[in-house]
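The following exercises ask the reader to work from a model to a reasoned description of its fold, its helices and its charged pairs. Each task is followed by a solution that proceeds in steps.

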Amino acid sequence: HLWEGLIDIYMPDYKYSDPALAERCSHAPDYPGIARKAIREMVRQTGRCKFGEDGIMKRGTIVRHLVLPGHTRNSMRAIDELLGEFGDEICISLMSQYTPVQGEKLICSGLPELARKVTKREYGKVLNYALEAGIVNGFFQEGETARDSFIPPFDLEGL
């Protein structure tokens, strides 16, 4: 609420639609409801997405969703929830660049399926689902976005 009137474009993440996955990965089973509540407030503040004649977004909310390996159902449910609540008021950005962090600090170390990148087939399945579900305002990634050259050193020492 403190940012009302100050922000033209919000770009939150909506990582998990599945409370069990949110618990296992982030110890936050209430994440889906809290995240949607925050997104709801962002949309209230900015309204429907608006684009200029140049095609550049001027106002609105872009909700980012990262497809996780082995969890396409989570992504499809996230799409259903976002479209069901917000329809074409928001833009949805489906991202494919999940990159596992190896070593002792492996994120979601209890989930071996997260030790690999998202396959083209998994991302394609989610993308096709989004299009069939009727996504109107969307951003989708093409090509290889999870190359090592994009990954900063996660050595817990800073950059």
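The exercises below concern this predicted model.

**Exercise 1. Overall architecture**

Determine which secondary structure elements the protein chain contains and in what order they run.

*Solution.* Begin with the count: the protein chain has 4 helices and 5 strands. Next, read the elements from the N terminus, which gives the order β-α-α-β-β-α-β-α-β. Then turn to burial: 39% of the 159 residues count as buried. For the contacts, consider those with a separation of 6 or more; residues 24 or more positions apart account for 70% of them. Finally, the protein chain exposes about 9700 Å², of which carbon and sulfur atoms supply 54%.

**Exercise 2. Helix α1**

Identify the buried residues of α1 and establish how they are arranged around the helix axis.

*Solution.* First, list the buried residues of α1, which are Leu21, Ala22 and Cys25. Viewed down the axis of α1, these buried residues fall within an arc of 100°, so they line one face of the helix. As a last step, find their partners: the buried residues of α1 pack against α2 and α3.

**Exercise 3. Helix α2**

Test whether the span of α2 agrees with its number of residues, and describe what covers its buried residues.

*Solution.* Step one is the span. With 1.5 Å a residue, the 16 residues of α2 should span 22 Å, and the end C-alpha atoms of α2 are 22 Å apart, which agrees. Step two is burial. The buried residues of α2 are Tyr31, Pro32, Ala35, Arg36, Ile39, Glu41, Met42, Val43, Gln45 and Thr46. Step three is the cover over these residues, which includes β1, α1, β2, β3 and α3. Step four is the residue that follows α2: Gly47, whose phi is positive, near 75°.

**Exercise 4. Two buried positions**

Classify Val43 and Ser93 as buried or exposed, and name the residues that each one touches.

*Solution.* Take Val43, in helix α2, as the starting point. Its relative accessible area is 7%, under the 20% limit, and therefore Val43 is buried. Leaving aside residues up to four places away in sequence, Val43 touches Thr61, Phe86, Glu89 and Ile90. Val43 and Ile9 are 34 residues apart in sequence, while their C-alpha atoms are 9.4 Å apart in space.

Continue with Ser93, which is found in strand β4. Ser93 has 13% relative accessibility and counts as buried. With residues up to four places away in sequence again left out, Ser93 touches Ile62, Val63, Arg64, His65 and Phe139.

**Exercise 5. Salt bridges**

State how many salt bridges the structure holds, and locate the parts of the chain that the pairs Asp13–Arg64 and Asp88–Arg48 link.

*Solution.* Side chains of opposite charge can pair when their charged atoms come close. The structure holds 11 salt bridges.

In one of them, the side chains of Asp13 and Arg64 meet at 2.6 Å, N to O. Asp13 lies in the loop between β1 (9-10) and α1 (19-26), and Arg64 in strand β3 (residues 57-66), so the pair ties together parts that are 51 residues apart in sequence. Both partners are partly exposed: Asp13 has a relative accessible area of 28%, and Arg64 has 26% relative accessibility.

In another, the side chains of Asp88 and Arg48 meet at 2.5 Å, N to O. This pair links distant parts of the chain, 40 residues apart: Asp88 is in the loop between α3 (72-86) and β4 (91-95), and Arg48 is in the loop between α2 (31-46) and β2 (50-51). Asp88 is partly exposed at 35% relative accessible area, and Arg48 is partly exposed at 42%.

A further salt bridge joins the side chains of Asp54 and Lys58 at 3.6 Å, N to O. Lys58 is partly exposed, with a relative accessible area of 44%. To complete the solution, consider shared partners: Arg36, Arg40, Arg77, Glu81 and Glu85 are joined into one network by salt bridges.

**Exercise 6. A nonpolar surface patch**

Find which residues form a nonpolar patch on the surface with about 440 Å² of accessible area together.

*Solution.* The patch consists of Leu2, Trp3 and Leu6. To place one of its members, note that Leu2 is in the segment before β1. At 79% relative accessibility, Leu2 counts as exposed.

Notes: Residues numbered from 1 in each chain as written. Predicted model: local features only at pLDDT ≥ 70, side-chain atom pairs only at ≥ 80, totals over all residues. Heavy atoms only, no water. Salt bridge = Lys/Arg side-chain N within 4 Å of Asp/Glu carboxyl O. Helix = DSSP H or I, 4+ residues; strand = E, 2+ residues; numbered from the N terminus. Buried < 20%, exposed > 50% of the residue type's maximum accessible area, 1.4 Å probe, protein only. Expected span 1.5 Å × (residues − 1). Contact = heavy atoms within 4.5 Å. Areas by Shrake-Rupley, 256 points an atom, 1.4 Å probe, with all protein chains shown as cover. Patch = residues over 30% accessible without salt bridge, like charges linked within 9 Å, V, L, I, M, F, W, Y side chains within 5 Å. Arc of directions from axis to C-beta.
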